[in-house]
Each structure stands twice: as structure tokens, then as C-alpha cells.
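I opened a notebook page for this structure and set out to look up one sheet and one pocket. My notes are below.

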Amino acid sequence: MTEPQQGERRADRTDAAMLSLLETVARSANEAESLDDAGRQTLDAVCRTTGWPVGHMALPSAEEPTTFVSSGVWVLPAGDDFGVLRSITETMRFPPGVGIIGTVAATGEPTWSQDVPNDPNFVRAQQDVDLGVASAFAFPVWGRDGVAAVLEFFSRRQLAVDAELLRVMGTVGVQLGRVADRMQARRELEAGARRLEQIIETSAEAFVSIDEESRITGWNAAAENMFGLPRDLVLGQPLAETIIPPGLRAAHHEGLARFLATGEKRVIGKRIEITAWRADGEFPVELAIWALHEGGRWSFNAFLHDVRDRRRAEERLREAYETERATAARLRALDEAKDEFVATVSHELRTPLTSISGYLELLLDGDAGEVPRHQQRMLTTMARNATRLRALIEDLLLINQMRAGTLNLEKEPTSIPGVVTRALRSVTGQANAHDQRFDVDLDPTLEPVRADPAHLERALRALFSNAIKFSPEGAVVTVRGRRLDGSVELAVTDRGVGIPADEVPQLFEHFYRARHANAEAVQGAGLGLTIARRIVEEHGGRIEVQSSPGEGSTFTVCLPA
């Protein structure tokens, strides 16, 4: 029977024929190298089994995957090329839902067109030309990501819908989809391999791979730079004679042979430091090596990192650390020597200074005879400066005690008003000299605190003296005391020049003097606030500072009640 005669009837189909068709498709799905090959074999098998003379495969467009276009794969009867149908099909695009190809792609279901010339969805028949076909059907090829292809078939006769045929074609589409999945997996694998090659090639670390015979099979640009050898020169060369130092080559061969024979791993899967070799000598590298078993053979891959710079940096760091330790030790020794010197000198100065102050007091009291008025002024100045010097010596001795951790507090219930009164009395002369006064407001409900009265008085005296020094002539210094939850708060506020924000963190450092104090030659060694804070902290309290340039400062002492 001729091909045209086959196209004029629907061929008798038996279960055996359908089974044979499915077997053919399954074999194609397993053996075909591409979806085009599998599609062509499936189209041919379906045409031969069903008697439909023309088969065609459509694939997603590379530019727009939801739109399908002709793959160029056709199965045609001998002597009839269906030229009009082919030419129109291969120039059209089929977006989702357009034509039977677009409909199958969008719905994922087989479609049958019994009367192609009058089917509004068969858009190729609307070209006012005779396509030479009367009926068509199409079905999807299912891949893992959806419809991977559409197979369509044409007949010159009008044929009613054959549900059984469409059901079998659904199975064919699923089996053929395995080819699409395999091709997709292959493309992804190849893309992954290309990405890996690019990563290795552009890696900052040298990459070297060898085969079971220890011949070099991989060598990236970083390896070329590290070893000074071009890729085309080293590929195929023995690794041992290329980059392994002579003294380690025997161990390399023994280790490789042991692994191939027993699987014993000594360096594989680890990151170690080892010596490599190049034309100008040996150098240290960090090595990470792993093995792969493919196709019945082993391959070995390694990344190598030149650690010469790191070792030099580590050596410089060790040297710097040792230098720093030595410097710190010298500084500690100098600091201890300074403290010892200050303590010794202070003790040595205190005794004669006490005698000087005592005799000056006797002279001023007239115990050695009447002193003329002009001499009294000179003696008063001498006594005042002797008192300042004695206070400085006492401060230095106290600082040394604090630094040595030998400041012993004798705490007892202490009246805040009493301590404030005694501290104010000790700075009255200083305030009077500048026509200043204190405005004191203490909450009458203030309860005693556990404190060392003498040391607490000394801390407040330092704060009061500081307020006097930095307040203008005739100013009022306020002292406020109140009880808070679980604490007693004393605030000393002056009306001075204030403190810039960048100087506040340094106020309590030893010997620190603010810029204004230096500029205006304000008396003081920069120890008063240091002593005050340490005493307050030894009592479990704290000192806080609030200040704005030009608006004065407030020093607040908080002590546990």
C-alpha cells in the first residue's frame, strides 16, 4: 500500500502496535544524544504506527522560553514535502494559547483539530492558502521544568477525535521528557564544569592536578606564576620532577603507591604546610589535596598557597611583640622607679618643710619678737607658699598610695553636712581672696553614709578648690545635697569658663591641666580631680561632670546611702 493511501485512512492499531511504539520511544529516550534525535525517532515511530503522514516538533524559543517555534525537525511522506505547511510553520511564533502548539504548551494537555481549515485556533490556516491538511493533533513532551517540546501530526483527511490515541500520546510525551531532562542535566553539568574551570583558572591559589601515574593534568595561571613554568610545558610531565624538592620525591612516590594499593590517606583531605620546589630553590607552601575516582581511575587535585609572605609577617609580628614586651617592661621599671623616687623625695621634703612652716608660724605670731609690718607681708607670703608646697607633697604621697593599692579607708557613719562644713572651712581663705562665696543647700533629711571622713573631706575640698579656681571674681559657687533612691548626691556648680567636650574625658587623669588653666596660669598640678575621683570610687560611688563652654561646670558626687 502506498504512503498516500495510508494517509487516506486511519490505520488499524492493535495493542501490540501501541506497545511497540512505547518501546521504541523508551529506547530513543535512553539512547538519543539530543532532543532533536529523540524527537525525530518518535515522530517517525508515531507516523508509522498511526498512519498519520506528517509529524513536526516545536521547541521553546531561546529568546523567550514561553513562546514556541519550529525545531526544523519533520517527518514527511515520500514524494510529498507539504511545502506550504512547512514554510508557514517555520516562520511563525506560538505564544501561550496561540494555535494548537501554543495551546498545548500553555495547558500541558493534548489537543485535536478535526477540521483544520475552519478551526479558529489553527492560526496557520488563516493565511488564505491551502495547507493541504484537514486534521491535526498535538501533545506535550514533559520535562522537569514543564513542557519541553510539542509534537504535532497532520492528515489530509478529517478524522474524529481519537481519545485512546491521545492517551497513548500522553505516555509517549512523558517518556520522551526523560531526554529533555537528561539534556538539561547535561547542560547544567557542563555549565557547572565551565564555572569550576573559570574559578580554578582565576583563583589566586595555584591549582595542580595529576593522574595515577603522577603526571600533571591540570595547571592554572596562578601555578604558572608561582613556579615560573607555562602550562603547555608542564602538562603531561611527572609531578615529582617538576615541583617537588629532590629530598621529598621518594616519599611522594611511596605515598601515592600506598594510597592506590590500600586507600591509606596521610595528606589527602588535609591542609598542611610543606616545601615546594622551583628553579631558584625551595620555598614553603600550604597544601590542600583531595582525590577523585572517575571512570575506574583516580585523579588528585591540590591548591597550593605560597606562605613566604605570611611567615615573614609572622616573624615581624613576633619581633614587634618581643620589642613591645621589652618596651613595656622598661616602662614598668621606669614607672616603678618614678613612683619610688616621688615617694622618697616627698618624704624627704615633708620633714624640713614642716620645720619651715612651724618656724614661719612662730615668727608671724611674734614668738621671736615683734616683726615689722613689711616683714610680716613677706613672711605671710612665705607661709602661704609653704602650705601650697606641703599640700602638693601630700597629694603626691596619696597618689602613690593609690597606685600601689595601699590606700586604706577607715569607714564609719559619717555626717554629710559635717564633712561639707569642714571642707568649706579649709577653702574659705582661697574663696575670700577672690571675693567669692558658697551657696549651700543640703537636704535636712540626709542620713549619714559609711565613709572615711578625712578622705571624703579631702575629695570635697578638691572639688571646692577647683570651682574657686575656675570661677570669676565675686562669683557664687553652689553646693546642693539631696537623697536619691539608695544614694546621696552632692553637686558642686561653678560659674566659670566651662570645659570643652573633648577635654572632659581627660579631666581625671594624673597631672592633666585644661587648656584654659595653662593659658591663664591657674595654679595647680592637675592632681586634685584625680584624687577626688579615686576616693569617691573607693567608697563605691562615682563622679559625673556636666559642662558647657562659657556656662560653667557641675561636678556631681554620688555615694551609696
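These entries go from the sheet to its strands, then to a helix and a pocket.

Entry 1, the model. I note at the start that this is a predicted model.

Entry 2, the sheet. I looked up the strand order and found five strands in an open sheet, ordered 7-6-10-9-8, with antiparallel pairing. I wrote down strand 7 (216-219) and strand 8 (271-278) as the edge strands, since each pairs on one side only. I also looked up the twist: neighbouring strands of this sheet are turned by 35° against each other on average, direction ignored.

Entry 3, the helix on the sheet. I found helix 10 (residues 249-262) packed on the sheet. I listed what helix 10 touches: strand 6 (206-211), strand 8, strand 9 and strand 10 (297-306). The direction of helix 10 makes about 140° with that of strand 10.

Entry 4, strand 8 and strand 9. I counted eight bridges between strand 8 and strand 9 (residues 281-294), in the antiparallel sense. For Ile-274 I looked up the bridge partner in strand 9, and it is Val-285.

Entry 5, strand 6. Is strand 6 buried or exposed? I found six of its six residues buried, so strand 6 is largely enclosed by the rest of the structure. I then sorted the side chains by direction: Ala-206, Val-208 and Ile-210 point one way, and Phe-207, Ser-209 and Asp-211 point the other way.

Entry 6, the partners of strand 6. I found six bridges from strand 6 to strand 10, running antiparallel. Three bridges join strand 6 to strand 7, also antiparallel. I followed Ile-210 to both sides: it stands opposite Phe-300 in strand 10 and opposite Ile-216 in strand 7. The hairpin of strand 6 and strand 7 has four residues between the strands, and there I noted Ser-214 with a positive phi near 65°.

Entry 7, a pocket. I looked up the second largest pocket and noted a volume of about 670 Å³. Of the 30 residues that line this pocket, I listed the closest to its centre: Ile-244, His-252, Val-267, Leu-287 and Ile-289.

Entry 8, the pocket lining. Which element gives the largest share of the lining of the second largest pocket? I found that helix 10 does, with six residues. Strand 6, helix 10, strand 8, strand 9 and strand 10 each supply at least two lining residues. By class, I recorded 21 nonpolar, five polar and four charged residues in the lining.

Methods
Residues are numbered from 1 along each chain as its sequence is written. This is a predicted model: local features need pLDDT of at least 70, side-chain atom pairs count only at pLDDT 80 or more; totals for chains, interfaces and linings use all residues. Side-chain values use heavy atoms; hydrogens and water are left out. Two strands pair if DSSP finds at least two bridges between them. Axes are lines fitted to C-alpha atoms, for helices over the stretch in contact, and angles run from 0 to 180 degrees between N-to-C directions. Contact means heavy atoms within 4.5 Å. Buried means under 20% relative accessible area, exposed over 50%, partly exposed in between (1.4 Å probe, protein chains only). On a 1 Å grid over the protein atoms alone, a cavity is a set of points where a 1.4 Å probe fits but cannot get out, and a pocket is an open set with protein on both sides within 12 Å along at least five of seven lines; lining residues have an atom within 4 Å of a point. Grid points are joined across faces, edges and corners, and a volume is the space filled by probe spheres set on the points. Ala, Val, Leu, Ile, Met, Phe, Trp, Tyr, Cys and Pro count as nonpolar, Asp, Glu, Lys and Arg as charged, and the others, Gly among them, as polar.
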